[in-house]
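Student: I should like to learn how the terms used for a structure are justified. May we go through some of them with this one?

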Amino acid sequence: MSGTAFPLEVRPTLPPELARLDELAGNLLYSWDRRVRRLFYQLDPQLWERCSHNPKLFLRRVDQARLQACAHDSDFLKDYREVLIRCDAYREPQAPAPGLGAEAAHEHIAYFCMEYGVHESLHLYSGGLGILAGDFCKAASDAGVAFTAVGLMYRVGYFVQTIGRDGRQETHLHPTDPSELPVAPALDAAGQPVRVSVPLGGREVHACVWQAVIGRVRLLLLDTDVAENAPADRAITFQLYGGDRDTRIAQELVLGIGGVRALRALGVWPTVWHLNEGHPAFMVLELCREAVATGLDFAAALELVAASVVFTTHTPVAAGHDRFAHALAAHYLAPMAGQLGIGIEQLLALGASSPHTDEFDVTTLALRGSRHHNGVSRVHRDVAARMFAHIWPQLDPAELPLVHVTNGIHVPTFLAREWSDLFDEQHPDWRSKLRDKGYWARTVDSIPSHRFWGLRQSLKCDMLEYVACVLERQYRRALYSRSRIDLMRRMLSADHSTALVIGFARRITAYKRPLLIFRDLQRLGRLLTDPQRPVVLVCAGKAHPHDGEGQAIIHTINALAGEPPLLGSVFFVEGYDIALARRLVSGVDVWLNTPSFPQEACGTSGQKAAINGALNLSVLDGWWAEGYDGANGWAITPRMDDVTPDRRDALEAEELLSLLESEIVPLYHRRNAAGLPEDWVARAKASMKSTLPRFNTDRMLADYLDRLYLPSSRHRRMLEADGGDAAASLAAWRARVGACWEKVALRWAATAPVHVATGAAVTLRVRAQLGGLTARDVAVECVLERDDAPPQQPPLTYAFAPEPGSGDEQAFTLDFTPPLGGLLRYRIRMYPTHPALAHPLETGRMVWL
């Protein structure tokens with residue numbers, strides 16, 4: 001047909017009976033309350049899918065006649081009223097949930113992150129960092145914690161992925177109109193839209209502020225696409241992780257500095273500031289600027305600000321930590337340096353990862369601008385400690401002031417509707433018991449095995465049908481043959497649901513090793529195509545547009561999937577997003593994860609699969625190193641640094657295929673007389689009940705409050721005393737330590753004993769050259785451990801006491817009785833100490849005798 005087609009959207013009017021549908025569409029509570037989403041689905045299932053589950057867009061396009069019909073449909077109205085009652089009750093203000101402590105009621109958390117994955121209708125995320133941030137917002141809402149999140153309003157978000165006929169990834173940018181999204185302008189106390197400005201080099205960049213409501217909490221989103229800005233500045237917030245280095249540093253300045261200013265414009269005064277990754281670290285400088293404006297010098301301001309800042313690092317991969325050339329950073333930061341009352345060189349030194357670097361590292365700024373830090377799993381904490389040793393150069397990595405809070409998932413979002421309905425039917429209080437291990441052991445064990453298996457099979461059939469529909473659109477657009485489409489449909493049909501389905505879906509990049517399972521193609525082909533024990537492998541994931549190696553991996557998988565022996569058994573599904581992830585994690589039998597140890601910071605997709613009764617087959621990295629118990633899945637033992645990377649991959653691929661051949665596939669296909677795989681069901685139940693209470697965001701939020709937020713708030717209040725005098729005193733002490741520390745030393749004051757009888761006391765005497773410090777400025781300790789103690793067993797420490805008198809050297813004495821027998825070893829150390837430090841070793845300075 002010739003001619004140009006022009007769009008015309010005929011928008012319906014909501015009948016009075018359904019007037020509050022618009023309100024439901026404007027609160028992202030629908031992202032985890034399926035009853036809300038079900039209302040829109042009931043109105044028009046096909047349109048709901050075409051609108052990508054976006055209720056705001058849906059209400060602009062739904063047919064008026066359909067609305068009128070539902071306005072007089074008693075069943076629909078009953079569901080509608082019940083949803084309103086539940087949502088109104090949920091949104092009522094409440095005290096923090098029981099178990100979070102009374103102090104939590106007095107805190108307000110400001111949470112800064114570059115991306116947020118709340119729901120597929122608000123595409124402000126690229127991967128795990130964003131999904132975690134979205135889940136955390138939901139957890140804060142559920143718990144009633146005062147919490148405001150801050151991010152950027154990207155007009156295109158991350159790219160949309162399709163797979164071309166040649167099996168290569170194709171990237172597409174689809175700009176969105178905020179009027180189609182669940183956001184509205186943020187209004188100040190006078191009811192006016194909030195505007196902020198941010199100094200970027202020699203100019204001011206302006207940003208409007210959008211607000212997304214996530215249950216009870218707000219997400220503020222800064223947007224530079226406003227008329228006051230030049231065209232180049234309007235594009236700063238165009239695309240997530242897009243543009244060049246100028247764009248990236250501009251984005252991070254708008255987020256960090258503009259985010260603080262947006263909160264102030266809205267009258268929000270947080271007690272704790274949380275940096276989720278280093279991208280928003282310029283927030284620290286803006287908070288220091290505020291403190292300097294009250295009369296503090298920069299050093300005291302930094303002490304005061306850092307006390308209230310929590311920093312979470314998420315990735316051990318260098319590409320995840322932004323570094324900017326000094327010339328570029330100096331250009332953008334010079335105005336801020338002037339407002340802080342310091343030179344640009346001093347400001348750049350805050351981001352120096354080594355003395356002679358010519359780059360400004362925002363992660364290093366985040367570490368120096370915070371006093372409370374964490375990794376996102378136990379393994380990751382130790383990896384991060386080695387990465388960030390330059391901040392605390394004289395400490396052993398095990399003693400760095402860095403804890404771990406293992407990531408969790410928002411269970412109501414990722415637990416399949418069928419499981420939620422079952423628990424609602426039998427255990428209506430389950431949402432309030434998410435951290436109760438005994439409760440979940442009893443609850444999951446009480447499900448009859450045949451019902452458990454039947455539900456799992458139903459979820460798998462639904463997932464396979466969904467995947468088959470996506471693949472059919474994908475294959476038709478790529479002009480695949482009818483026979484290939486028919487083969488795919490047969491292999492993913494309900495009739496083929498007896499096959500074991502393995503899922504591998506995540507960001508596609510080299511360190512995640514998507515090709516590990518393909519190292520021995522003939523062996524894998526035999527495994528997948530055994531007619532007596534069929535297996536299907538479903539893959540999905542995006543590669544960053546600048547990651548050529550990741551894109552090559554996608555092409556390789558698609559090439560292998562199109563040829564024997566894998567044709568009809570391996571499928572790569574395009575367009576990996578939250579909606580597809582929900583289907584996959586709830587429907588696959590086995591969730592595969594093969595990162596190069598120890599580069600998987602946490603890996604929450606495996607948690608999502610486990611709570612739905614899938615079994616993890618994963619390298620012992622990230623969360624799985626804590627979650628695996630021998631009965632709830634399978635573990636691939638990581639080979640350490642004593643082999644080459646290629647040899648390591650070969651060994652781990654061998655173990656992976658051997659586990660599949662000898663244990664996993666036989667166990668799945670082993671049936672009792674009634675056709676039930678009893679042993680598989682037992683292991684799947686173990687997966688659910690071991691994961692649900694330990695790896696959820698309720699537990700994660702409680703850990704953040706206990707280990708990071710509340711200590712941070714207490715520390716800030718202490719340093720605020722007397723108008724910040726305590727912060728100024730601490731800053732002066734830190735400067736004095738820095739000036740004197742190179743001159744300190746330890747030596748023996750008396751010969752130390754080399755043996756002692758059991759139960760006898762030991763006396764140790766040392767002398768310390770303090771270089772201008774006093775005995776009150778240092779701690780001297782004996783670190784004692786058994787000679788054959790395992791590495792993870794912490795040593796015992798005993799404090800020396802200073803002897804009376806002073807001079808060029810200060811004497812210290814320790815009297816103690818060794819509590820252990822046999823051959824012991826001890827070391828003696830000295831480090832700076834001050835009562836206002838957040839952590840006794842936070843200065844990173846230490847000398848050993």
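Tutor: Certainly; please note that this is a predicted model. Let us begin with a definition: helices are DSSP runs of at least four residues, strands are runs of at least two, and both are numbered from the N terminus. In those terms, Pro598 lies in the loop between strand 18 (590-593) and helix 24 (605-611).

Student: What makes the peptide bond that joins Phe597 and Pro598 notable?

Tutor: The bond between Phe597 and Pro598 is cis, with omega about 0°. Another cis bond leads from Pro564 to Pro565, where omega is near 5°. Pro565 lies in the loop between helix 22 (548-561) and strand 17 (570-573).

Student: Why is Thr237 called buried?

Tutor: The relative accessible area of Thr237 is 1%. Buried means under 20%, and therefore Thr237, at 1%, is buried. Thr237 lies in the loop between helix 8 (231-234) and helix 9 (245-265).

Student: Which residues does Thr237 touch, not counting residues up to four places away in sequence?

Tutor: They are Leu152, Met153, Tyr154, Arg155, Leu222, Asp223, Thr224, Asp225 and Gln251. With Thr224 there is also a polar contact: the backbone nitrogen of Thr224 lies 3.1 Å from a polar atom of the side chain of Thr237. The cut-off for such a pair of N or O atoms is 3.5 Å.

Student: What can be said of Tyr241, in the loop between helix 8 and helix 9: is it buried or exposed?

Tutor: Tyr241 has a relative accessible area of 14%, so it is buried. Its phi is near 55°, which is a positive value in a residue other than glycine.

Student: Why is Ser52 called partly exposed?

Tutor: The relative accessibility of Ser52 is 43%. Partly exposed is the range between the buried cut-off of 20% and the exposed cut-off of 50%, so Ser52 counts as partly exposed. Ser52 lies in the loop between helix 3 (45-50) and helix 4 (55-61). Ser52 also has a positive phi, about 55°, although it is not a glycine.

Student: How do you know that the buried residues of helix 5 are on the same side of it?

Tutor: The buried residues of helix 5 (residues 64-71) are Leu67, Cys70 and Ala71. They cover an arc of only 105° around the axis, and therefore they are on the same side of helix 5. A general rule is useful here: an α-helix has 3.6 residues a turn, so residues three or four places apart point the same way. What covers the buried residues of helix 5 includes helix 1 (21-25), helix 2 (34-43) and helix 6 (74-91).

Student: What makes Asp63 a cap of the N-terminal end of helix 5?

Tutor: A side-chain oxygen of Asp63 lies 3.0 Å from the backbone nitrogen of Ala65. Set against the limit of 3.5 Å for a polar contact, this distance of 3.0 Å qualifies.

Student: Why are helix 17 and helix 19 called roughly antiparallel?

Tutor: Helix 17 (residues 417-426) and helix 19 (residues 449-477) pack at an angle of about 150°, with their axes 10 Å apart. Angles over 145 degrees count as roughly antiparallel, and this pair is therefore placed in that class. Helix 17 contributes Glu418, Trp419, Leu422, Glu425 and Gln426 to the contact, and helix 19 contributes Arg451, Phe452, Leu455, Arg456, Leu459 and Asp462. The residues of this contact comprise five nonpolar, one polar and five charged.

Student: How do you know that Trp624, in helix 25 (residues 624-627), is buried?

Tutor: Its relative accessibility is 1%. As the cut-off is 20%, Trp624 counts as buried. Among the residues that Trp624 touches are Asn616, Val619, Asn632 and Trp634. The backbone oxygen of Trp634 lies 3.2 Å from a polar atom of the Trp624 side chain.

Student: Why does Arg264, in helix 9, count as buried?

Tutor: Its relative accessibility is 19%. This value is set against the limit of under 20%, so Arg264 counts as buried. Its side chain reaches the backbone oxygen of Val268 at 3.5 Å, and a pair within 3.5 Å is accepted as a polar contact. Arg264 also touches Trp269, Pro270, Trp273, Leu287 and Glu290.

Definitions and conventions: Residues are numbered from 1 along each chain as its sequence is written. This is a predicted model: local features need pLDDT of at least 70, side-chain atom pairs count only at pLDDT 80 or more; totals for chains, interfaces and linings use all residues. Side-chain values use heavy atoms; hydrogens and water are left out. Buried means under 20% relative accessible area, exposed over 50%, partly exposed in between (1.4 Å probe, protein chains only). A polar contact is a pair of N or O atoms within 3.5 Å; within protein, one must be able to donate a hydrogen and the other to accept it, and residues adjacent in sequence count only if both atoms are side-chain atoms. Contact means heavy atoms within 4.5 Å. The arc is that of the directions from the helix axis to the C-beta atoms. Axes are lines fitted to C-alpha atoms, for helices over the stretch in contact, and angles run from 0 to 180 degrees between N-to-C directions. Angles under 35 degrees count as roughly parallel, over 145 as roughly antiparallel, 65 to 115 as roughly perpendicular and the rest as oblique. Ala, Val, Leu, Ile, Met, Phe, Trp, Tyr, Cys and Pro count as nonpolar, Asp, Glu, Lys and Arg as charged, and the others, Gly among them, as polar.
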